[in-house]
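Hi,

Here is the structure I promised to pass on. Have a look at it first, and my notes follow underneath.

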Amino acid sequence: MPLMACAQSPAQNNSLLARAPRDWIVDAANNEIAILKDNPVHLRYRMHVVDQRGEQLRDVIETKDGTVARVLARGDKPLTAEESKGERDRLTSLMNSPQDYEKHAKNDASSRKMAVDMIKLMPDAMIYTYTPGQPDAGPGEGEGVVVMDYHPNPKWSPPSTLSEALTGLEGRVWIDAKTHTMVRMQGHIFKGVNFGWGMLAHIYPGGQLALEQTHITGNRWIYLHFTEQITVRALMVKMLNLHTQIDASEFAVLPEALTYQEAIRQLLATP
């Protein structure tokens with residue numbers, strides 16, 4: 001979904017802003033959780049990833065069992081013949097070993113559960129206020145967007161170690177006024193955060209997060225862009241500079257849900 005300026009009449013603007021800011025967040029959180037938990041529309045797309053392990057271009061297929069992906073390039077170069085053979089061998093082995101794929105699927109499920117748990121906390125973990133000067137420019141569909149700034153709620157207590165990270169985060173969120181879906185979020189770590197009194201980890205201030213989603217079809221949305229730049233000290237010793245950028249493109253809706261083996265066959269059959 002492209003970024004666009006959203007021109008709304010005063011009546012439309014007043015109607016949108018008559019709701020309490022938190023109500024928009026509750027709706028957006030519920031919609032996001034529904035997408036993560038039950039996804040009836042399966043996609044195939046390209047994923048460009050840059051992180052500590054380097055740069056990769058992947059061909060990704062969503063299945064009813066989880067996702068599978070084939071690495072197409074590293075850096076700005078296609079795989080060598082040897083690398084391509086190694087990737088094909090990896091996928092063939094995964095296709096023939098349901099036990100190995102089950103481990104992969106469990107990791108995916110664990111990551112989704114973690115995301116769902118954090119999203120559930122957002123309406124109460126933060127205080128939301130409408131951004132001055134609306135309507136604002138931003139991604140939108142039909143009726144435009146509602147834009148809000150957020151900062152930690154001082155009366156909120158983190159229920160888990162991971163959720164302590166929210167106490168040092170502030171930023172801005174854009175919500176599609178028609179579907180009540182989050183289309184964009186920016187976050188800034190404005191203060192250091194300790195995990196387990198600093199014995200487990202410490203997140204340093206200055207980190208940045210950004211997420212942008214796009215509408216595919218029906219109720220299906222998917223991330224278009226994600227960036228994370230965070231400095232962490234783990235176990236009081238090891239310093240980690242986590243810099244990740246993920247961009248997705250070339251989305252295609254699959255006509256039917258595939259098993260993971262069927263998806264791997266399609267990946268292997270693609271030149």
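Searching the whole structure, which is a predicted model, turns up three aromatic pairs. One of them is Tyr-45 with Phe-251: the ring centres are 5.6 Å apart and the planes sit at 45°, so this pair counts as tilted. It links distant parts of the chain, as Tyr-45 is in strand β2 (residues 43-51) and Phe-251 is in strand β15 (residues 238-253), 206 residues apart. Tyr-45 is buried, at 5% relative accessibility, while Phe-251 is partly exposed with a relative accessible area of 25%.

Another pair is Tyr-128 with Tyr-150. Here the centres are 6.1 Å apart and the planes are at 50°, so this one is tilted as well. Tyr-128 belongs to strand β6 (residues 126-130) and Tyr-150 to strand β8, so the pair ties together parts 22 residues apart in sequence. Both Tyr-128 and Tyr-150 are buried.

There are also charges over rings. Arg-19 has its charged end over the ring of Trp-24, 4.8 Å from the centre. Likewise, Arg-184 lies over the face of Trp-174, at 4.2 Å from the ring centre.

Now for the strands around β9 (169-176). How much of β9 is buried? Six of its eight residues are, so the strand is largely enclosed by the rest of the structure. On one pairing, β8 (145-152) runs antiparallel to β9, joined by six bridges; Val-146 has Ile-175 in β9 as its bridge partner. On the other, seven bridges join β9 to strand β10 (residues 182-189), again antiparallel, with Arg-172 opposite Gln-186 in β10. The hairpin of β9 and β10 has five residues between the strands, and His-180 takes a positive phi near 60° there.

The loop between β8 and β9 holds Pro-154. This proline counts as exposed, because its relative accessibility is 72%. The C-alpha atoms of Pro-154 and Ile-127 are separated by 8.8 Å, with their positions 27 residues apart along the chain.

Last, helix α4 (residues 98-125). Its 28 residues should span 40 Å at 1.5 Å a residue, and the end C-alpha atoms are indeed 40 Å apart, so the two agree. The buried residues in α4 include Tyr-101, Ala-105, Val-116, Met-118 and Ile-119, and further along Leu-121, Met-122, Pro-123 and Ala-125.

Over to you!

Definitions and conventions: Residues are numbered from 1 along each chain as its sequence is written. This is a predicted model: local features need pLDDT of at least 70, side-chain atom pairs count only at pLDDT 80 or more; totals for chains, interfaces and linings use all residues. Side-chain values use heavy atoms; hydrogens and water are left out. Helices (H or I, at least four residues) and strands (E, at least two) are DSSP runs, numbered from the N terminus. The expected span of a helix is 1.5 Å times one less than its number of residues. Buried means under 20% relative accessible area, exposed over 50%, partly exposed in between (1.4 Å probe, protein chains only). Two strands pair if DSSP finds at least two bridges between them. Rings of Phe, Tyr and Trp (its six-membered ring) pair if their centres lie within 6.5 Å; planes under 30 degrees apart count as stacked, over 60 as edge-to-face and the rest as tilted. A charge sits over a ring if NZ of Lys or CZ of Arg is within 6 Å of the ring centre and within 35 degrees of the ring normal.
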